[in-house]
Amino acid sequence: MSSRPLPQDPIIRALVAQARQAQVTRRGLLAGAGAGASALALAACSTGGGQARPTAAADVSDTDKTLNWANWAAYIDEDDDGNYPTLVAFEEETGISVNYEVAVDDNNTYYGKVKDQLALGQDIGADTVCLTDWMVSRWIRLGYTQELDHGNIPNIANLAPALANPSFDEGRKHSLPWQGGFAGICWNTEKVPGGLETVEDLWNAELKGRVGVLSEMRDTMGLIMLQNGVDISSPDWGDAEFDAAIEILDEQVANGQIRNIKGNSYLEDLKSEDTLAAICWSGDITVLNAEAGDKWQFAIPTAGGTLWNDNFLIPIGSPRKTNAETLINYYYEPEVAAEVAAWVNYITPVVGAQEAAVAIDPELAENQLIFPNEETLSNAFIFRALSGAEEQKYQTQFQQILLGS
């Protein structure tokens, strides 16, 4: 079976803006249940700018062959027994024992839990964690990450060139991409047999009280703005366009059309059928179908979806830096990246993974959620970088609706 060349050009053209803007994100703000507005503001806005930068922990990897990895749900390959096959192989290959913890539901809530320890340079219980560009940018700016030793990560040579020099981490000194993907819409095919094509379809009367949207401001608002005809990647929009979209969200929450605004836990609402349709993340729906019955479908809305990227980083207080770098290097082997991609169905940053995917399943190599072609990427948009004033204003508006949902 012959392998086909990677379609690098369209992927690079579409993702290069993402790497430079460092703003689009898979998951963002807290999905409010019980959290006060002051706590949300602290988690979202605290910068620690007046504090001294912490000092990196001493590396004990030579004597401590363990590793703690914090990640999102449904974001690594998993077998029927709950094991992670690529991690099992890594442990056997390296002798490093990995504690893989599904600890991240949302960028800001995770940051809120660990920011005080980070500011003191303490071990947060994770030797590597995967977060989104804009949050990784914050950690790097505040000195909360350790500089990577590329000598321990020779497979960095397999990084897609478009992702090699983002503005938040030129030369990838502090981070490396884990996966990327789309935000779009999904629905229960048994309960919504006619399917959905647009964000406006979520507001259909028959779905009242059964719609979920993401607590990530850029994805939920991005999709609504795209539906309104706004190019969210362009610098030519501002308060008027955002306000028009936030009014739509406010109306749909107030009238009971939207049931929940959540982070990664939105999947539980789909499983229980509390929600029948949602704004969602692409690969999650493939995993949901595998775990709970093949009855959900994902689509990029006709007006467009958002595009984002998550990244490995090593927290400043991790005492097992070399172990973490060994793990990152392992996941940049094309065959390993292809195995993960086959399960999570997100865009892999690893050059050579598509060729390796052909050996797993030729159809996998054509999957547009993993190896999108130019046509698919032409309908995916990156939420443009926000100024500090815009960030504060837009997140405050979104939080107010989120807290009232």
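**Close-ups of a predicted protein model**

Among contacts in the protein (heavy atoms within 4.5 Å) between residues at least 6 apart in sequence, 81% link residues at least 24 apart. This is a predicted model, where local features need pLDDT of at least 70, side-chain atom pairs count only at pLDDT 80 or more, and totals for chains, interfaces and linings use all residues. Residues are numbered from 1 along each chain as its sequence is written, and side-chain values use heavy atoms, with hydrogens and water left out.

**View 1. The whole protein, with its 14 helices and 10 strands.** Helices (H or I, at least four residues) and strands (E, at least two) are DSSP runs, numbered from the N terminus. Of the 405 residues here, 58% are buried. Buried means under 20% relative accessible area, exposed means over 50%, and partly exposed is in between (1.4 Å probe, protein chains only).

**View 2. Aspartate 59 and its partners from far along the chain.** You'll find aspartate 59 in the loop that runs between helix H2 (37-45) and strand E1 (66-72). Its relative accessible area is 36%, so aspartate 59 is partly exposed. Setting aside neighbours within four places in sequence, aspartate 59 is in contact with Pro319, Arg320, Lys321 and Thr322. The side chains of aspartate 59 and threonine 322 share a polar contact of 2.6 Å; that term covers a pair of N or O atoms within 3.5 Å, where within protein one must be able to donate a hydrogen and the other to accept it, and residues adjacent in sequence count only if both atoms are side-chain atoms. A polar atom of the aspartate 59 side chain also lies 3.4 Å from the backbone nitrogen of lysine 321. As for glycine 317, its C-alpha is 9.6 Å from that of aspartate 59, although the two are 258 residues apart in sequence.

**View 3. Serine 318, in the loop between strand E9 (305-313) and helix H10 (321-331).** Is this residue buried or exposed? Serine 318 counts as buried because its relative accessibility is 1%. Leave out residues up to four places away in sequence, and serine 318 touches Ala57, Ala126, Asp127 and Gln146.

**View 4. Helix H11 and what covers it.** Eight of the 11 residues in H11 are buried, leaving the helix mostly covered. Among them are Val336, Val340, Trp343 and Val344. The buried residues of H11 pack against helix H3 (85-94), strand E4 (175-188), helix H9 (282-292), H10 and H12. Right after H11 comes asparagine 345, with a positive phi near 60 degrees.

**View 5. Where H11 (residues 334-344) crosses H12 (residues 353-360).** The two axes come within 8 Å and cross at roughly 65 degrees. Axes are lines fitted to C-alpha atoms, for helices over the stretch in contact, and angles run from 0 to 180 degrees between N-to-C directions. On the H11 side, the contact is made by Pro334, Glu335, Ala337, Ala338 and Glu339, and on the H12 side by Ala353, Ala356, Ala357 and Ile360.

**View 6. Cysteines in a structure with zero disulfides.** A disulfide is a pair of cysteine sulfur atoms within 2.5 Å. Cysteine 186 is in no disulfide, and the nearest cysteine sulfur, on cysteine 280, is 3.2 Å away. Cysteine 186 counts as buried because its relative accessibility is 0%. Cysteine 130 is also at 0% relative accessibility, so cysteine 130 counts as buried.
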